[in-house]
Amino acid sequence: MEADLWIKKLKSEYGACGGCGWAEEKKCVPTDIDYSLKMRAVSGDEDARRELLLIADRYGLRESAGRGEADAELEFGKLCLVFLGKREEGKEWIKRAAEHGKTEAELLLGEILCGKCEYLVGEDTEKDLLSAYELFMNAAKTSGKANLYLGQMYRDGCDAAGVEKNERKAFYYFRQAASKGRGLSRAKAMAEIARFCKNDTVFKDCETAFKLYSALAKVGLREASCELADCYLKGIGVSKDAKKASEILFAAALSGNADAEKMYDELKTTDNCPQNG
């Protein structure tokens, strides 16, 4: 399996942010606009929104979008969606960019239609899971994140999208996501693969599960610490070591991981706890 390559890329992406965060894809546009101005616009300041629109016009963003340039359609759509409070207009521009074959637009529109858009967290948006599935399929040729979403759909099944549960397909798409994705998307895909390798009889590969969880725990993926500790407790891909498991859980609990804290407290009440030995 390509686990060693994924781990190498993961470490590189995490280290690119000084070891304190992910080297993720670009999030919003235009990129050189004053941060405070954008935040004022997000909070609903109409003066800030008008100023942002003037800047966008100065760049020719709206004009280029009107000419059907996919890059501009996407960027102006995100500007409307995120900063200008024009949700429907933003979605329409993003849809146009997706129709013109812009992969990032296909991914973003799919996220909007399945309720996973980070820009619309907490908002009640109309879902269309079948269209989202089709958009993710189109974007999956190059987008790791699209493959991650497809993997999740096949892992759980999605009646509204006409997707039956299929673990082989889920595993395939998670591998594609780990190969094509970056940053947090890659990490989440690697965690899904590790889960299959640790628990599934068909894909069982204890050594790979342990290797992936070790790498993911080091870069701070929350669920990885508990899974890694469980590997040490049960001897999955590594020799049993309750002391090491306890140390991992304790460190994760100190960093605010509630699941690790709960698991650590439970471990202290068992015979496996080093302190009780």
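**Entry 1: R195 and its neighbours**

I started at R195, which sits over the face of F196, 5.0 Å from the ring centre. One caution for my own notes: this is a predicted model, so every number here is computed from it. I then asked which salt-bridge network R195 belongs to. The network links R195 with R155, D156 and E192.

I looked for another charge over a ring and found R96. R96 lies over the face of W93, at 4.5 Å from the ring centre.

**Entry 2: aromatic pairs**

How many aromatic pairs are there in the whole structure? My search gave eleven. I picked F171 and F203 and checked whether their rings are stacked or edge-to-face. The F171–F203 pair is stacked, with 4.2 Å from centre to centre and 25 degrees between the planes. This contact links distant parts of the chain, 32 residues apart: F171 is in helix α10 (residues 167-180), and F203 is in the loop between α11 (183-199) and α12 (206-218). Are these two rings buried or exposed? F171 and F203 are both buried.

Next I took F174 and F196, the latter being the ring under R195. Their ring centres are 6.3 Å apart and their planes stand at 50 degrees, so I logged the pair as tilted. This pair also connects distant parts of the chain, from F174 in helix α10 to F196 in helix α11, 22 residues apart. F174 and F196 are both buried.

I also noted a tyrosine cluster: ring pairs tie Y133, Y154, Y172 and Y173 together.

**Entry 3: a closer look at F171**

I went back to F171 in helix α10. Why does F171 count as buried? Its relative accessible area is 7%, and the cut-off for buried is under 20%. I also checked F171 against L150, which is 21 residues away along the chain. Their C-alpha atoms are separated by 10.0 Å.

**Entry 4: salt bridges**

Searching the whole structure for salt bridges, I got 21. I wrote up three of the pairs in detail.

E46 and R49 came up with their side chains in a salt bridge, 3.4 Å from N to O. Both residues are in helix α3 (residues 46-58), three residues apart, about one turn of the helix. I wanted to know whether each partner is buried or exposed, so I looked up E46 and R49. E46 is partly exposed at 43% relative accessible area, while R49 counts as buried because its relative accessibility is 17%, and buried means under 20%.

D71 and K102 make a salt bridge of 2.4 Å, N to O. Here the partners come from distant parts of the chain, 31 residues apart: D71 is in helix α5 (residues 70-83) and K102 in the loop between α6 (87-99) and α7 (103-113). D71 is partly exposed, with a relative accessible area of 46%. K102, at 24%, counts as partly exposed too.

The third pair is K91 with E88, and the closest N and O atoms are 3.1 Å apart. How far apart are K91 and E88 along helix α6? They are three residues apart, which means about one helical turn between them. E88 is exposed, its relative accessible area being 56%.

**Entry 5: the second largest pocket**

E88 and K91 turned up again when I listed a pocket lining. The second largest pocket holds about 150 Å³ of space. Its lining consists of E88, K91, E92, K95, A98, E99, L109, L113 and L135. Two elements, α6 and α7, give two or more residues each to this lining. Which of the elements gives the largest share? That is α6, with six residues. By type, I have five charged residues, four nonpolar and no polar in the lining.

**Entry 6: the whole chain**

Last, I stepped back to the overall picture. The chain has 15 helices and zero strands. Its C-alpha atoms fill a box of roughly 70 × 40 × 35 Å along the principal axes. What percentage of the 277 residues is buried? I noted 48%, with F171 and R49 among the buried residues I had already looked up.

Technical notes: Residues are numbered from 1 along each chain as its sequence is written. This is a predicted model: local features need pLDDT of at least 70, side-chain atom pairs count only at pLDDT 80 or more; totals for chains, interfaces and linings use all residues. Side-chain values use heavy atoms; hydrogens and water are left out. A salt bridge is a side-chain nitrogen of Lys or Arg within 4 Å of a carboxyl oxygen of Asp or Glu. Helices (H or I, at least four residues) and strands (E, at least two) are DSSP runs, numbered from the N terminus. Buried means under 20% relative accessible area, exposed over 50%, partly exposed in between (1.4 Å probe, protein chains only). Rings of Phe, Tyr and Trp (its six-membered ring) pair if their centres lie within 6.5 Å; planes under 30 degrees apart count as stacked, over 60 as edge-to-face and the rest as tilted. A charge sits over a ring if NZ of Lys or CZ of Arg is within 6 Å of the ring centre and within 35 degrees of the ring normal. On a 1 Å grid over the protein atoms alone, a cavity is a set of points where a 1.4 Å probe fits but cannot get out, and a pocket is an open set with protein on both sides within 12 Å along at least five of seven lines; lining residues have an atom within 4 Å of a point. Grid points are joined across faces, edges and corners, and a volume is the space filled by probe spheres set on the points. Ala, Val, Leu, Ile, Met, Phe, Trp, Tyr, Cys and Pro count as nonpolar, Asp, Glu, Lys and Arg as charged, and the others, Gly among them, as polar.
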